[in-house]
Amino acid sequence: HLPVGISVLDKFGLGAPVPVFAAVGAMSLGRAEHLTLDPGVRLVGSPRHAAILLVTGDIGDKALANLRRLHDQLPHPRATVWWSADPASDWDDPIIVTSSERIATVLSSVWRALLSGKRQSEADCLPDAPPNPWRGVGPNGQGGKGMMGGTPYGRPMAMTGEDIRDGLSLDIYSAPFGPFLPSLPHGLVLDMTLQGDVIQRAEVERPPYKQDTLAATPLVALARILRLLELPALAERFVRAAIGEAAGRSADVAALRRAFLRSGALWAIPPGLGRTPDDVDLRDRLELWWAAAAGEPVAAASFAGAAIGDLLRGLEWQEAMLVLNSFDLDALRQACVEAMEQAKSEEAV
């Protein structure tokens with residue numbers, strides 16, 4: 001017999017990995033990488049596929065508004081777990097986990113409590129209202145301004161403009177992306193203009209978070225690239241090797257490199273992609289990581305004076321994500337800070 005309030009489908013759900021969306025803050029990417037190896041947890045790429053929002057590390061006050069919007073996208077039943085993170089002061093009934101606790105056990109317990117009804121699903125953080133007023137606006141009351149313009153049904157209409165590649169007029173869409181978008185380095189916020197999936201403009205609004213030692217290791221950096229290339233099983237192997245190295249066990253870097261080459265990953269990275277002024281492209285930066293993983297003394301790749309917006313302009317979305325994640329996290333953070341300072345100085349003039 002099933003307990004009261006648990007359906008047959010819920011019973012099957014109890015045996016499945018807990019679907020979790022991770023909002024990773026400062027100095028916490030390493031512990032999130034550990035979590036990817038736990039068979040009882042499934043880190044998902046969209047909040048709409050999650051039951052638990054896991055906030056780990058310091059996300060800062062500026063990101064709270066982003067976190068609330070992200071939280072409200074989770075379907076019911078849902079809960080938020082704060083793992084070595086301070087919950088927002090107005091967050092109802094926060095679940096707080098210290099770094100010493102086994103996080104997977106807590107996540108499983110919360111998941112079971114949600115399915116059984118012992119824990120109520122969290123209400124929305126934000127009011128259920130459209131992002132822009134639109135009702136009754138425009139000739140047909142839909143928020144539009146005739147054929148073009150306005151905010152039909154609350155969403156800004158994409159206007160046409162010339163594509164930078166061939167001059168054809170295509171719809172232009174501008175919006176901020178980040179700080180918890182899984183394909184972007186955690187904490188990074190870019191204000192971008194896209195036509196289709198081609199980036200026409202990219203400006204830094206916030207730099208990525210500073211991260212811990214494990215996140216900066218070359219094998220974990222290579223794992224981020226593998227995830228973007230839709231090779232999660234191989235990425236897990238790299239993370240497991242990096243964690244083993246951190247514990248004092250040597251990694252078979254030669255075997256990992258063979259697996260990387262056999263996967264066909266390089267075929268998805270065109271030569272010359274993400275080339276900086278010092279003539280170092282994405283493939284070259286991967287070689288630097290391989291050399292570092294083998295214990296060779298190499299310097300991290302720098303932006304060599306390249307602006308982030310210039311590097312991304314004209315790239316398709318997937319190419320741009322690969323380029324951003326091909327840099328050392330500290331180098332990327334420094335380049336973002338410099339880009340923001342440059343933008344401020346230009347505004348002052």
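This is a short dialogue on reading cavities, surface exposure and distances in a predicted model.

Trainee: Where do I start with empty space inside a protein?

Mentor: Rolling a probe the size of a water molecule over the atoms shows where empty space is left. Now take this case. The structure holds two cavities of 30 Å³ or more.

Trainee: What is the volume of the largest cavity?

Mentor: The largest cavity has about 50 Å³.

Trainee: Which residues line the largest cavity?

Mentor: Find L29 first, then P185 and H186. P208, Y209 and Q211 also belong to this lining. R224, N325 and L329 complete the list. Next, sort the lining by class. It divides into five nonpolar, three polar and one charged.

Trainee: How much space lies in the second largest cavity?

Mentor: About 30 Å³. Its lining is made by A215, A216, A221, R224, W289, D328 and L329. By class, five of these residues are nonpolar, none is polar and two are charged. Now look at R224 and L329 again. Both appear in the lining of the largest cavity and in that of the second largest.

Trainee: Let us move to the surface. Which residues make a nonpolar patch?

Mentor: M147, M148 and M159 make it. The patch covers about 330 Å².

Trainee: Where is M159 found?

Mentor: In strand β6, which spans residues 159-162.

Trainee: How do I read the exposure of a residue?

Mentor: Use the relative accessible area. Under 20% means buried, over 50% means exposed, and partly exposed lies in between. M159 has 36%, so it is partly exposed.

Trainee: Is G136 buried or exposed?

Mentor: G136 is exposed, because its relative accessible area is 63%. Look for G136 in the loop between α4 (103-116) and β6.

Trainee: And L214, buried or exposed?

Mentor: L214 counts as buried, because its relative accessibility is 11%. L214 also sits in a loop, the one between β9 (198-206) and α5 (218-228).

Trainee: How do I read distances between residues?

Mentor: Set the separation along the chain beside the separation in space. Try G136 and P270. They are 134 residues apart in sequence. From C-alpha to C-alpha, G136 and P270 are 50 Å apart in space.

Trainee: What separates the C-alpha atoms of L214 and R275?

Mentor: A gap of 26 Å. Along the chain, L214 and R275 are 61 residues apart.

Technical notes. Residues are numbered from 1 along each chain as its sequence is written. This is a predicted model: local features need pLDDT of at least 70, side-chain atom pairs count only at pLDDT 80 or more; totals for chains, interfaces and linings use all residues. Side-chain values use heavy atoms; hydrogens and water are left out. Patches are made of residues with over 30% relative accessible area and no salt bridge: like charges are joined within 9 Å, nonpolar side chains (Val, Leu, Ile, Met, Phe, Trp, Tyr) within 5 Å. Accessible areas come from the Shrake-Rupley method with a 1.4 Å probe; for residues, only the protein chains shown count as cover. A salt bridge is a side-chain nitrogen of Lys or Arg within 4 Å of a carboxyl oxygen of Asp or Glu. Helices (H or I, at least four residues) and strands (E, at least two) are DSSP runs, numbered from the N terminus. Buried means under 20% relative accessible area, exposed over 50%, partly exposed in between (1.4 Å probe, protein chains only). On a 1 Å grid over the protein atoms alone, a cavity is a set of points where a 1.4 Å probe fits but cannot get out, and a pocket is an open set with protein on both sides within 12 Å along at least five of seven lines; lining residues have an atom within 4 Å of a point. Grid points are joined across faces, edges and corners, and a volume is the space filled by probe spheres set on the points. Ala, Val, Leu, Ile, Met, Phe, Trp, Tyr, Cys and Pro count as nonpolar, Asp, Glu, Lys and Arg as charged, and the others, Gly among them, as polar.
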